[in-house]
Amino acid sequence: MTKREVIRILNEIGVLLELKGESFFKSRAYYEAARKLEIIDEDIEKLVSQQRLENIEGFGRALTQKITELVTTGQLKYYNKLRESIPSGLLDMLKIQGLGPKRIMTIHASLGINTIDELKKACEEDKLLDLPRFSKKIQAKILEGINNLNNYADKFHYNIGEMVANELLKHIINSPYVKRCQVAGSLRRKKEVVKDIDIIASSDNPHEVMNIFTNHSYVKEIIAKGETKSSVVLVNGMNADIRVVNDDEYPYALHHFTGSKEHNTALRHVAKKHGLKINEYGIFNGQQKIKCKDEVDFFKVFDMKYIHPELRENYGELEAALNNKLPHLVTLGDIKGMVHVHTMYSDGSATIKQLAKECIARGYKYLLISDHSKSAVYAGGLSEDEIKMQHEEIDILNEKYTDFKIFKGIESDILTDGSLDYSDEVLKSFDFIIGSVHSSFRMNEEKMTKRIIKALNNPYMTILGHPTGRLLLNRAGYKINIDKIIDTCIENNIIIEINANPYRLDIDWRYIKAAKDKGAKFVISSDAHSIKEFEYMRYGVNVARKGWLEHRDIFNCLSLEKVVDYLKL
DNA sequence: GCCGTTTTCGGCCCGACTGTTTTCAGTCG
């Protein structure tokens with residue numbers, strides 16, 4: 001059984017226990033254990049066979065026994081029994097806004113309802129009214145929650161969230177009542193997909209700020225509106241929350257609502273050791289509040305350097321901050337060249353000259369062109385003759401530039417047998433080669449891993465393109481042994497792509513830090529098919545920062561001279 | 001569920017808002 005599967009089951013047990021009405025702390029023990037396994041960069045089977053699980057904080061006798069059973073037999077009796085006792089439809093109901101474990105179990109126990117469809121029918125037939133602490137209002141809310149579930153996605157791509165949040169922010173920040181205001185939550189942490197928008201503001205007149213927020217034209221429905229907190233649904237189905245505090249409470253509130261929950265919980269443990277207490281209104285030493293003017297001050301209280309929001313995932317940032325080992329995160333300004341760009345030769349919309357001009361205007365020193373290869377017929381992949389033409393055009397353009405260079409490359413399909421789709425003769429004519437999988441996504445893990453590793457052993461390969469092939473909120477990545485692939489990239493000096501397209505953001509940031517520690521190198525590439533898509537670079541930088549990367553870990557932070565040197569030209 | 005120098009039981013994270021009920025339960029983040 002894979003670690004991923006164990007993590008999934010632990011999380012599900014946590015949810016099932018919540019439904020059963022068990023103590024929240026018991027559920028949390030399972031969630032925390034799942035979380036720990038996610039962070040630990042070790043083989044689960046080794047951890048079990050070497051009996052090292054019980055040495056990890058949060059793994060007591062019960063959890064160790066259960067995980068051992070799961071890993072050695074592939075089964076867990078406790079889990080099977082739990083699942084039998086709770087219809088799976090009840091788990092789905094947790095997604096309905098306003099409906100939690102208590103009400104779900106009341107509905108199930110009194111009315112025998114097991115699925116969302118049955119629940120919907122019951123609401124429409126007024127069957128919930130007689131249940132204790134239910135009413136017409138609550139029934140209507142549940143019904144609306146069910147309809148929203150069908151009408152709206154519950155998650156959105158980062159770039160959509162950012163766009164909407166900026167629009168709301170612009171509206172609020174212009175108010176004379178607002179002193180400080182910014183986006184918090186997962187958007188501030190630059191998560192690749194977001195559930196909602198969190199905004200924090202400081203003001204002496206929260207009432208007015210709430211009105212401004214809830215009156216925005218994007219607001220479709222007000223879920224809650226109070227003096228410090230309001231919650232709305234926007235026209236696109238997204239939820240947005242605002243918290244308004246006094247200005248001297250702002251840094252604490254900002255930190256609290258930036259999260260992550262896991263980061264906050266871990267920091268509270270640290271605070272406790274200092275004899276301090278943290279909540280959204282302050283850091284307290286008994287009754288006394290410790291003054292902070294901003295988040296830099298906030299972390300100073302715990303002898304920590306400022307932790308950038310992107311790192312606040314409880315992936316080791318607190319320890320690093322204590323030991324002064326936080327990375328100097330890469331910034332967009334560190335990027336010196338545009339990589340993985342498609343032109344009109346294949347499915348791009350701009351000419352090489354237009355792309356180069358835009359690069360120069362943006363201060364980039366080089367452009368790495370990589371159109372599709374000939375197997376990608378659907379995308380106008382380049383024939384051998386077209387490659388020759390493109391190379392001639394690049395040579396002519398390069399003669400005109402003094403402080404700028406265009407490099408000749410290709411995004412070559414990794415064919416099902418792991419070979420690239422040109423002869424060595426043709427491959428040799430490029431300055432660099434990105435190898436990407438664009439077909440037969442549904443191979444099993446062993447075959448797909450073998451396929452990619454064979455390509456990584458091709459001496460002409462420079463970069464592994466979008467390593468998992470995922471499309472966020474749309475398609476899971478292909479099944480691969482990512483550890484083996486990363487290890488092979490390191491051995492063979494292949495650069496791992498961080499594809500900055502906001503619908504890909506592939507490789508996932510969760511893999512990056514461990515790979516970096518092992519010596520992996522990365523490139524942030526736009527995969528641009530138009531000049532407009534150069535903007536994608538900042539999403540790629542977000543991912544790199546979430547993966548703890550510094551400029552020296554990233555290929556296109558190198559100077560032009562160093563790139564020429566690297567590509568041995 | 002886990003944990004432990006107040007140690008084998010009793011804490012563990014808590015505040016805001018809604019709606020039902022009249023002091024509080026449920027949900028959410």
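**View 1. Two strands in antiparallel pairing.** Two strands count as paired here if DSSP finds at least two bridges between them. In this predicted model, strand 9 (residues 282-285) and strand 10 meet that condition, pairing in the antiparallel sense over 3 bridges. Look for Phe 284, which stands opposite Lys 289 in strand 10.

**View 2. The open sheet around these strands.** Stepping back a little, we find an open sheet of 3 strands in the order 8-9-10, with antiparallel pairing. Strand 8 (277-279) and strand 10 (288-290) stand at the edges and each has a single partner strand, so one side of each is left without a neighbour in the sheet. From one strand to the next, the twist averages 35°. As a reminder, strands of a sheet pair through backbone hydrogen bonds, either parallel or antiparallel.

**View 3. The largest nonpolar core.** This core has 95 residues, and Ile 197, Leu 367 and Ile 406 are the ones with the most contacts inside it. Helix 10 (residues 158-173) supplies the largest share, 6 residues. Domain 2 (156-247) and domain 4 (332-566) each contribute at least three residues to this core.

**View 4. The surroundings of Leu 367.** Leaving aside residues up to four places away in sequence, Leu 367 touches Met 338, Val 341, Ile 352, Leu 355, Ala 356 and Cys 359, as well as Phe 404, Lys 405, Ile 406 and Phe 407. One of these, Ile 406, is also among the residues with the most contacts inside the largest core.

**View 5. A second nonpolar core.** Separate from the core above, this one has 44 residues. Good places to begin are Leu 76, Leu 99, Ile 113 and Ile 146, which are among its members.

Key:
Residues numbered from 1 in each chain as written. Chains lettered and ligands numbered in written order. Predicted model: local features only at pLDDT ≥ 70, side-chain atom pairs only at ≥ 80, totals over all residues. Heavy atoms only, no water. Helix = DSSP H or I, 4+ residues; strand = E, 2+ residues; numbered from the N terminus. Axes fitted to C-alpha atoms, helices over the stretch in contact; angles between N-to-C directions. Core = buried A, V, L, I, M, F, W, Y, C linked by side-chain atoms within 4.5 Å. Buried < 20%, exposed > 50% of the residue type's maximum accessible area, 1.4 Å probe, protein only. Domains from an automatic or database assignment. Contact = heavy atoms within 4.5 Å.
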